[in-house]
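Trainee: I have a model open and do not know where to begin. Can you show me how to read it, one feature at a time?

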Amino acid sequence: MRSAAEFHPSEIPAKPGVYIYRDRFDRVIYVGKASNLRRRMSSYFQLSRRNAADPKLRSLIHSIASWSFEVVHSEAEALLLEARLIKTYAPHYNILMRDDKRYLLLKIDWSEDFPTLALARVKKPGNFQYFGPFPNGSALRSTLEFLLRHFGLRACRDSHPNEETRRHCLKRTIKDCCAPCIGNVTQEEYKARLDEALKVLNGDITPLQEKLREEMTEASLNTRFEAAARLRDISANLEAVFGRKSRIFARPELPEITPGKAAVESLAKHLGIEKIKGPIIGFDISNILGTLAVASLVCFTDGRPDRDHYRRFRIKTVHQSDDFAMMHEAITRHFSRLLEEKRPLPGVLLVDGGKGQLSAALDALVEIHCPPFPILGLAKRNEEIFLPGRSEPVIIDRHDPAIRLLQALRDEAHRFAITYHRELRRKAIEHSVIEEVPGIGKKRKMEILRAFGSLRALKKASAGEIAQKVRGIGEETAQKLLDHIRQK
């Protein structure tokens, strides 16, 4: 975090990212995104902008006391990070995204006889598979319509529509749907079509784009220029939604599974070992721009969650957004303790990430002279498995129980880390709110918060209850406290 007076454009990278401005009370007042951080942030600190015609902009510029930024890989990633931070901090000067809108997802309901692709905004429990989120909603809608038509997947809401609905089905009439509801194709044939569509969702768009280019060329040669333009737009949307730059946001969220022993045996074969001797543990990191950073450790025994051996860590030595250094610290602390107490090592260690995270974990284990055992990294982008000493990733068929086991472990580690991070963030917010109350000492404020457990419970209490539970607090002071926190 740097003060506004210390702003030097040369220190800001000319890369896409998100920037955060805070006021003199260290409150986040604005979050913005940029394709070029240096150019965008510099515009706020020009002398001419301090007298901007827009009163909102002028007020914002005069309120900036400190700034920070986060570099990302693309504008799409910046858009998503900006939205998440705005929803987290609700900055005073960010108005446009306070309505809690969500980005679109693609959903498959595997409980249906003839599953199809549909749009969704919220992930719900059940036998669903989600892809996304997708920042470009219009491109996604257009691409979904094309995919349903191209692969002949059903676009109706019901796998088994009634006779009236079937009779008036336009998609069947113009042959945009393979009509599985009337037996035109078997479940196996329909599943094969869906599998081809899933390849596209997983980023394999090259064959489809080549076909589109061929059709576009043919249409142009036959002077069907409107048709060629439509094909060009479809290809552009396909790249925008599922291309290389967007696949990081479009990874699938698989249905909840309990892999079991068969998955452990399958993983052992893929790792080239006879047997996995011990539980499989997974690490993940959670933080927002390096703040309140935590690490999680989850444990699967015989392929199933073993929650008695879950652990969580507050990151102590890393104070900037550096996931590799955070992973290094968490691995070092956990395995140093195992070695010191002479406890058995796990059967396999999984780190959430690709080569970078794997290298950080390996470096930590080597530094503490930990005996060798199987370790791997699982990259989110294409569910690639990285192993020590191998430059190319291992790809396991998505139906293989081994990859399901690793995904379940990775997702559980992510869930556990996020839960802990949110808990710390909630406590930090509660402490900041109660610390603003005048006339009560810091120690007494913490006693009040501990007595009621949370800010929500405290707001529901009466002044009399507070005075009764906390020594040294009278009803008049307690009422002032309640009046203050209930305004927040």
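Mentor: Start with a single residue. At 28% relative accessibility, Pro-133 counts as partly exposed. Keep in mind that this is a predicted model.

Trainee: Why is Pro-133 called partly exposed?

Mentor: Buried means under 20%, and exposed means over 50%. Pro-133 has 28%, so it falls in between. Pro-133 lies in strand 7. Look across to Ala-120 as well. Pro-133 and Ala-120 are 13 residues apart in sequence, and their C-alpha atoms are 9.5 Å apart in space.

Trainee: What does the whole chain look like?

Mentor: The protein chain has 17 helices and 15 strands. Of its 488 residues, 45% count as buried. The chain exposes about 26700 Å², and carbon and sulfur atoms supply 50% of that. Now take contacts between residues at least 6 apart in sequence. Of these, 62% join residues at least 24 apart.

Trainee: How do I check a helix, say helix 4?

Mentor: Compare its expected span with the one in the model. Helix 4 covers residues 137–151, which is 15 residues. At 1.5 Å a residue, helix 4 should span 21 Å. Its end C-alpha atoms are 21 Å apart, so the two agree.

Trainee: Which residues of helix 4 are buried?

Mentor: First, the general idea. An α-helix has 3.6 residues a turn, so residues three or four places apart point the same way. In helix 4, the buried residues are Ala-139, Leu-140, Thr-143, Leu-144, Phe-146, Leu-147, Leu-148 and Phe-151.

Trainee: What covers the buried residues of helix 4?

Mentor: Both strands and helices do. The cover includes strand 5 (104–109), strand 6 (117–120) and strand 7 (128–134). It also includes helix 7 (187–201), helix 8 (206–221) and helix 9 (225–242). Just after helix 4, Gly-152 takes a positive phi of about 70°.

Trainee: How many residues does the largest nonpolar core have?

Mentor: It has 31 residues. Those with the most contacts inside it are Leu-106, Leu-117, Leu-147, Leu-153, Val-200, Leu-201 and Phe-242. Strand 5, strand 7, helix 4, helix 7, helix 8 and helix 9 each give two or more residues to this core. Helix 4 supplies the largest share, seven residues.

Trainee: What is Leu-153 in contact with?

Mentor: Leave aside its neighbours within four places in sequence. Leu-153 is then in contact with Thr-116, Leu-117, Leu-148, Asp-176, Cys-177, Tyr-190, Arg-193, Leu-194 and Ala-197. Another core, of 29 residues, lies apart from the largest one. Among its residues are Ala-293, Val-351, Ala-361 and Phe-373.

Trainee: Is a polar residue such as Ser-235 buried or exposed?

Mentor: Ser-235 has a relative accessible area of 12%, so it is buried. Ser-235 sits in helix 9. Beyond its neighbours within four places in sequence, Ser-235 is in contact with Gln-209 and Leu-212.

Trainee: How many aromatic pairs are there?

Mentor: The count comes to 13 aromatic pairs. To read one, check the distance between ring centres and the angle between planes. Tyr-19 and Tyr-30 are 6.2 Å apart, centre to centre, with 40° between the planes. That pair is tilted. Tyr-19 is in strand 2 and Tyr-30 is in strand 3, 11 residues apart. Tyr-19 is buried, at 0% relative accessible area. Tyr-30 is buried too, at 17%.

Trainee: Which residues do ring pairs link into a cluster?

Mentor: They are Tyr-19, Tyr-21, Tyr-30, Tyr-44 and Phe-45. Phe-45 lies in the loop between helix 1 (37–44) and helix 2 (55–63). At 24% relative accessible area, Phe-45 is partly exposed. Phe-45 and His-8 are 37 residues apart in sequence and 9.4 Å apart in space, C-alpha to C-alpha.

Trainee: What sits over the ring of Phe-128?

Mentor: The charged end of Lys-107 does, 5.0 Å from the ring centre.

Trainee: Which residues other than glycine should I check for a positive phi?

Mentor: Two cases are Lys-342, with phi near 55°, and His-369, with phi near 60°. Lys-342 is in the loop between helix 11 (323–340) and strand 13 (348–352). At 77% relative accessibility, Lys-342 counts as exposed. His-369 is in the loop between helix 12 (355–367) and strand 14 (375–379). His-369 is exposed, at 69%.

Technical notes. Residues numbered from 1 in each chain as written. Predicted model: local features only at pLDDT ≥ 70, side-chain atom pairs only at ≥ 80, totals over all residues. Heavy atoms only, no water. Helix = DSSP H or I, 4+ residues; strand = E, 2+ residues; numbered from the N terminus. Expected span 1.5 Å × (residues − 1). Buried < 20%, exposed > 50% of the residue type's maximum accessible area, 1.4 Å probe, protein only. Contact = heavy atoms within 4.5 Å. Core = buried A, V, L, I, M, F, W, Y, C linked by side-chain atoms within 4.5 Å. Phe/Tyr/Trp six-rings, centres within 6.5 Å; stacked < 30°, edge-to-face > 60°. Lys NZ or Arg CZ within 6 Å of the ring centre and 35° of its normal. Areas by Shrake-Rupley, 256 points an atom, 1.4 Å probe, with all protein chains shown as cover.
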